[in-house]
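Me: Please take a close look at one part of this model for me. I want to know how the protein meets the DNA.

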2 protein chains.
Amino acid sequence: MTAYVSPASPDPDLAEPRWLDADEQRAWRAWVYSAQLLTDRLDRELTHATGISHAYYEILVALSEEPERQMRMSELADRCLSSRSRLSHAVSRLEERGWVRRQVCPEDGRGQLAVLTDEGFAALEAAAPVHVESVRTHLFDQLTPEQVEAMRDFGETLLQHLDPSQVRGLD
Amino acid sequence: MTAYVSPASPDPDLAEPRWLDADEQRAWRAWVYSAQLLTDRLDRELTHATGISHAYYEILVALSEEPERQMRMSELADRCLSSRSRLSHAVSRLEERGWVRRQVCPEDGRGQLAVLTDEGFAALEAAAPVHVESVRTHLFDQLTPEQVEAMRDFGETLLQHLDPSQVRGLD
DNA sequence: GCGGAATAGTTGCGCCTTCAACTACGCTAC
DNA sequence: GTAGCGTAGTTGAAGGCGCAACTATTCCGC
């Protein structure tokens, strides 16, 4: 830890970069690669088997978990880690499929409610088994219980830093 | 483990879905959220500070690590977890910036070599400190050494399943 | 060598996402 | 009540990416 000490500057622009050592590099790359491969694989399998991308699937799931199967657009965007713009476009596409419908919010005339239709719920019910099987195959079946626990710990630690408000949504 | 046993069918389409229990659900969500938030954050910080997206950055890094700073298009695509099409598009953009140049491969007339230019290398050198600082701030600074080790273990396990050929590239 | 299959890479189209500009409504102060 | 500001959500243009179709070259059997 004393091999190289850069001046303790408060401004990262001026300080010597805190480069990764070989072990950190390896850990970092293992994470980047595995995370991208896993998300790509799950998205592709879901899309090809059901015609629903993971992004759209997440929207349907979020709505289905609400008591009335409806949500304010902004809440839905936050829940799905989506920008408002992105969600707006996505809901338009889902409306075209007849899976979601927009409705003005009674309490706030500016707001919109996204409502999951019965057709949307049926589409979700059809897609869910496909998705859970992918997640089992490519994630849980590959891991020991200890690794699953480590994954949870790791994920929650990061989540606490990156977006503490989402930690509450884990149940 | 005996509470619910579905018939052991070889065909996932016919078997009862292997739903996630509450703990698995929680671990899964923590991972999905944290992975997406982290990749989004890193990509955004890099893009805003340097004008280079993480996808483009990866291409420059891969080329810079080669002895001659050049690579066959297909090798580069594999290394960057990119489709050939995607890489071809990306290299065209990087060529427009003067950071990469295409060159026919002497050994194989079908092949192309992507070559990192001096300008491209300079752009990478300017961007690297920004990126490493983001990775430190949002990842390593948040984790204990044990969590880093668990992250590596987890990543390598998944990588071994999803794309064993990439395991060798970790160094 | 030559015909057919396989491989390397590119291209155009369409969908998705981002960004900035925009509309519409609500809230507060005066 | 109305001016001004903040919030909710939408829109259109521009760029990234996947897919399928395409060209060009090499490989292989004969």
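Reply: What follows goes through the protein surface near each DNA strand in turn.

The model is predicted. Start with DNA strand C. It is surrounded by 23 residues. The closest are S85(A), R110(A), S74(B), S88(B) and R102(B). Sugar or phosphate supplies 74% of the strand C atoms within 4 Å of the protein, and bases supply the rest.

Some polar contacts can be named. Y56(A) places a polar side-chain atom 3.3 Å from a phosphate oxygen of strand C. M73(B) uses its backbone instead: an N or O atom there lies 3.3 Å from a phosphate oxygen of strand C. S85(B) reaches a base, with a polar side-chain atom 3.3 Å from a base oxygen of strand C. Five helices each give two or more residues to this surface: α2 (54-64) and α4 (84-96) of chain A, plus α1 (22-50), α3 (73-79) and α4 (84-96) of chain B. By class, the surface near strand C holds 3 nonpolar, 11 polar and 9 charged residues.

Now DNA strand D. Here 22 residues surround the strand, and the closest are S74(A), S88(A), R102(A), S85(B) and R110(B). Of the strand D atoms within 4 Å of the protein, 72% belong to sugar and phosphate.

Phosphate oxygens of strand D have named partners too. A polar side-chain atom of S88(A) lies 2.8 Å from one. A polar backbone atom of Q112(A) lies 3.2 Å from a phosphate oxygen. For Y56(B), a side-chain N or O atom is 3.0 Å from a phosphate oxygen. The elements giving two or more residues near strand D are α3 (73-79) and α4 of chain A, with α2 (54-64) and α4 of chain B. This surface divides into 3 nonpolar, 11 polar and 8 charged residues.

Key
Residues are numbered from 1 along each chain as its sequence is written. Chains are lettered from A and ligands numbered from 1 in the order in which they are written. This is a predicted model: local features need pLDDT of at least 70, side-chain atom pairs count only at pLDDT 80 or more; totals for chains, interfaces and linings use all residues. Side-chain values use heavy atoms; hydrogens and water are left out. A residue is near a molecule or strand if one of its heavy atoms lies within 4 Å of it. A polar contact is a pair of N or O atoms within 3.5 Å; within protein, one must be able to donate a hydrogen and the other to accept it, and residues adjacent in sequence count only if both atoms are side-chain atoms. Helices (H or I, at least four residues) and strands (E, at least two) are DSSP runs, numbered from the N terminus. Ala, Val, Leu, Ile, Met, Phe, Trp, Tyr, Cys and Pro count as nonpolar, Asp, Glu, Lys and Arg as charged, and the others, Gly among them, as polar.
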